[in-house]
Amino acid sequence: MAHIWPIGGGKGGSGKSFLTSALGRLMAGSGKRTLLIDLDLGAANLHTLVDIPYPAKSLSDFVKKKFPLLENVVLETPVPNLFLISGANDTLDIANLPYEQKIKTLRAIAKLGYECILLDLGAGSSFNTMDFFLISQNGIFIATPEPTSIENIHRLIRSIYFRRIRQCFTVMEFKELEGEVVNVFGDGSFNKPECMMQMVKKNHPEIGLKLAGDFTGYRFKLILNQLRKQDDAALGGQICRLIEKHLGLKVEFAGNIAFDDHVHDAICQRVSFLDRYPYTRTACDVRELSNHIISSAGDQLQINYS
Ligand SMILES: Nc1ncnc2c1ncn2[C@@H]1O[C@H](COP(=O)(O)OP(=O)(O)OP(=O)(O)O)[C@@H](O)[C@H]1O
Ligand SMILES: [Mg+2]
């Protein structure tokens with residue numbers, strides 16, 4: 001079965017597309033059939049990072065039923081074993097995919113016959129982004145070591161857990177739950193996943209059990225990108241501990257990626273950073289992370305919508 005790694009971040013420019021393309025190249029280079037999917041709908045640019053200046057077809061051709069199967073819109077890249085579903089040409093009209101289309105796309109992604117699938121998600125916490133993130137246990141969060149980026153990642157992680165809870169209920173049921181959480185735990189408590197989960201377990205024990213299982217099954221990871229010399233290398237670990245303390249949610253700190261101006265140079269020259277600058281600290285960081293990510297991948301897909 002395919003491993004799927006959704007890559008998300010609270011803020012634009014944190015390095016999601018750079019990391020998606022770099023991990024994809026490494027996975028493909030190790031002989032695995034690897035597919036990148038650009039789900040940054042409305043601002044897609046992953047094709048440029050894998051040297052396809054003008055993608056001939058894209059995800060919207062599947063969404064708009066020009067092609068019946070998601071496989072039909074897969075593009076070959078110049079890199080052996082590396083394939084792309086581009087989000088280019090996806091004008092804003094599919095940036096907010098209708099619910100049915102999203103489910104169809106999620107199911108089609110899960111069925112694709114690739115060993116490794118990496119999803120480059122849009123910044124922030126739109127419903128699309130969160131639903132695509134929740135397709136797999138292996139979601140990766142990427143942030144930079146700046147307070148604004150960290151604040152946004154904290155918010156995104158909380159929203160994603162709430163989104164998972166929300167997926168199990170109707171609008172009315174969820175509203176009722178929120179009301180009860182506030183009654184029992186006080187104002188502002190509906191913002192705390194732990195309080196919400198306690199209420200779910202009490203009022204809907206079966207769903208509570210299922211969700212608790214999902215949450216323990218998640219192998220979500222945090223990567224800090226663009227670390228400069230003066231930054232604290234231990235920051236990522238501290239953020240994960242804070243997330244666990246405040247939200248009761250486990251996210252593993254997977255590692256840092258050093259800042260390097262050559263990333264910009266490689267992108268401008270449209271070449272692979274890892275091939276052009278293989279001995280830099282940044283390239284070593286990405287290779288180490290790739291090995292760790294592959295070796296600790298979970299298997300279970302999560303497409304459970306009520
Ligand atoms: N480790 C790094 N060192 C130096 N520059 C980097 C590094 N990672 C990414 N960058 C730079 O940051 C910029 C943003 O990276 P990227 O496009 O991957 O971010 P993104 O999260 O996909 O942004 P968006 O949300 O806008 O799609 C790139 O132009 C790249 O030059
Ligand atoms: Mg991007």
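User: Which residue in β4 stands opposite leucine 75?
Analyst: This is a predicted model: local features need pLDDT of at least 70, side-chain atom pairs count only at pLDDT 80 or more, and totals for chains, interfaces and linings use all residues. Residues are numbered from 1 along each chain as its sequence is written, and side-chain values use heavy atoms, without hydrogens and water. Strands here are DSSP runs (E, at least two residues; helices are H or I, at least four), numbered from the N terminus. Opposite leucine 75, in β4, stands leucine 84.

User: In which sense do β3 and β4 run, parallel or antiparallel?
Analyst: Strands pair if DSSP finds at least two bridges between them. Two bridges join β3 to β4 (residues 82-85). Glutamate 76 faces phenylalanine 83 in β4. The two strands run antiparallel.

User: Which residue in the turn of the β3 and β4 hairpin has a positive phi?
Analyst: Five residues lie between the two strands. The phi is about 75 degrees, and the residue is asparagine 81.

User: Why is one side of β3 left without a neighbour in the sheet?
Analyst: Eight strands form an open, mixed sheet in the order β3-β4-β2-β5-β1-β6-β7-β8. β3 (75-76) and β8 (252-258) stand at the edges, so one side of each lacks a neighbour, as each has a single partner strand.

User: Which residues of β4 are buried on the side opposite Leu82 and Leu84?
Analyst: Buried means under 20% relative accessible area (exposed is over 50%, partly exposed in between; 1.4 Å probe, protein chains only). Both faces of β4 are covered. Leu82 and Leu84 are buried on one side; on the other are Phe83 and Ile85.

Note on methods
Chains are lettered from A and ligands numbered from 1 in the order in which they are written.
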